[in-house]
Amino acid sequence: MNRKERARRSRYAIAAAGTALFGAVYECFSHQVYSKAMIFAFLIPLLGGLIPCSLLSLIPCRDRPSERSRSLWDAGLAALTVGSVFRGILEIYGTTSRLSAVYPAAGVILAGFSVGCWAVETLRRRKRNAPSP
């Protein structure tokens, strides 16, 4: 495992722990009002970031994602995490906002672009490395 992969895994672990800590502290002062969006927000960087990054570093993979597709994936996870925390804050406060629907949409679109970018890059690499007839 190289230095960049370790740093990326560390960032995901810090993001998951920081989100969990923020949710716990925020709900301590919420006067016994809880939000599932706030409680489970830490799972987004954990399940979407740390675990896949760890699996990619353990499994020998010839077609690793490029920095562009990893950055798009990171941005998608960040949007989903911030959106979940935002929705949790609004639920605890007892209000709603139309803007809370923007975060999941942006996160899914960015993650989709990431997967699409990775697929296109993989196809181009395989075409380039394919034997000529």
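Me: Angles over 145 degrees count as roughly antiparallel, and those under 35 as roughly parallel. In this predicted model, what makes α4 and α5 roughly antiparallel to each other?

Reply: Helix α4, residues 67-93, and helix α5, residues 102-129, pack at an angle of about 165°, and angles over 145 degrees count as roughly antiparallel. The two helices α4 and α5 are therefore called roughly antiparallel to each other. Their axes lie 8 Å apart, and the crossing of α4 and α5 is left-handed. Sorted by class, the residues in the contact of α4 with α5 are 17 nonpolar, five polar and two charged.

Me: How do you know what the secondary structure of the protein comes to?

Reply: The assignment gives five helices and zero strands, and the pattern read along the sequence is α-α-α-α-α.

Me: What does the radius of gyration of the protein say when it is set against that of a compact globule of 133 residues?

Reply: For a compact globule of 133 residues a radius of gyration near 14 Å would be expected, whereas the protein has 18 Å. The C-alpha trace spans about 70 × 30 × 15 Å along the principal axes of the protein. Of the 133 residues in the protein, 31% are buried.

Me: Why is Gly 88 called buried?

Reply: A residue is buried when its relative accessible area is under 20%, and the value for Gly 88 is 0%, so Gly 88 is classed as buried. Gly 88 has its place in helix α4, and its C-alpha atom is separated by 9.5 Å from that of Phe 40, although the two residues are 48 residues apart along the chain.

Me: Why are Ala 78 and Leu 43 placed in the class they are given?

Reply: The class between the limits of 20% and 50% is called partly exposed. Ala 78, which is found in helix α4, has a relative accessible area of 39% and is therefore partly exposed. Leu 43, whose place is in helix α3, has a relative accessibility of 26%, so Leu 43 also counts as partly exposed. Each of these residues also has a partner that is distant in sequence: Ala 78 and Ile 44 are 34 residues apart along the chain and 8.6 Å apart from C-alpha to C-alpha, while Leu 43 and Ala 17, which are 26 residues apart along the chain, have their C-alpha atoms separated by 9.6 Å.

Me: What makes His 31 and Gln 32 exposed?

Reply: Exposed means over 50% relative accessible area. His 31 has 72% and is therefore exposed, and Gln 32, with 64%, is exposed too. His 31 is found in the loop between α1 (3-28) and α2 (36-39), and Gln 32 lies in the loop between α1 and α2 as well. As for the backbone, phi of His 31 is near 60°, which is a positive value in a residue other than glycine, and Gln 32, which is not a glycine either, has a positive phi of about 65°.

Me: How do you know which of the elements has the lowest mean pLDDT and which the highest?

Reply: Among the elements of the protein, helix α3, residues 43-58, has the lowest mean pLDDT, at 90, and α4 has the highest, at 93. The mean over the protein is 89, and 96% of its residues reach a pLDDT of 70 or more.

Technical notes. Residues are numbered from 1 along each chain as its sequence is written. This is a predicted model: local features need pLDDT of at least 70, side-chain atom pairs count only at pLDDT 80 or more; totals for chains, interfaces and linings use all residues. Side-chain values use heavy atoms; hydrogens and water are left out. Axes are lines fitted to C-alpha atoms, for helices over the stretch in contact, and angles run from 0 to 180 degrees between N-to-C directions. Helices (H or I, at least four residues) and strands (E, at least two) are DSSP runs, numbered from the N terminus. Angles under 35 degrees count as roughly parallel, over 145 as roughly antiparallel, 65 to 115 as roughly perpendicular and the rest as oblique. A crossing is left-handed if the near helix is turned anticlockwise from the far one by less than a right angle, and right-handed if clockwise. Ala, Val, Leu, Ile, Met, Phe, Trp, Tyr, Cys and Pro count as nonpolar, Asp, Glu, Lys and Arg as charged, and the others, Gly among them, as polar. pLDDT is the predictor's confidence in each residue, from 0 to 100. The radius of gyration is taken over C-alpha atoms; the globule rule is 2.2 Å times the number of residues to the power 0.38. Buried means under 20% relative accessible area, exposed over 50%, partly exposed in between (1.4 Å probe, protein chains only).
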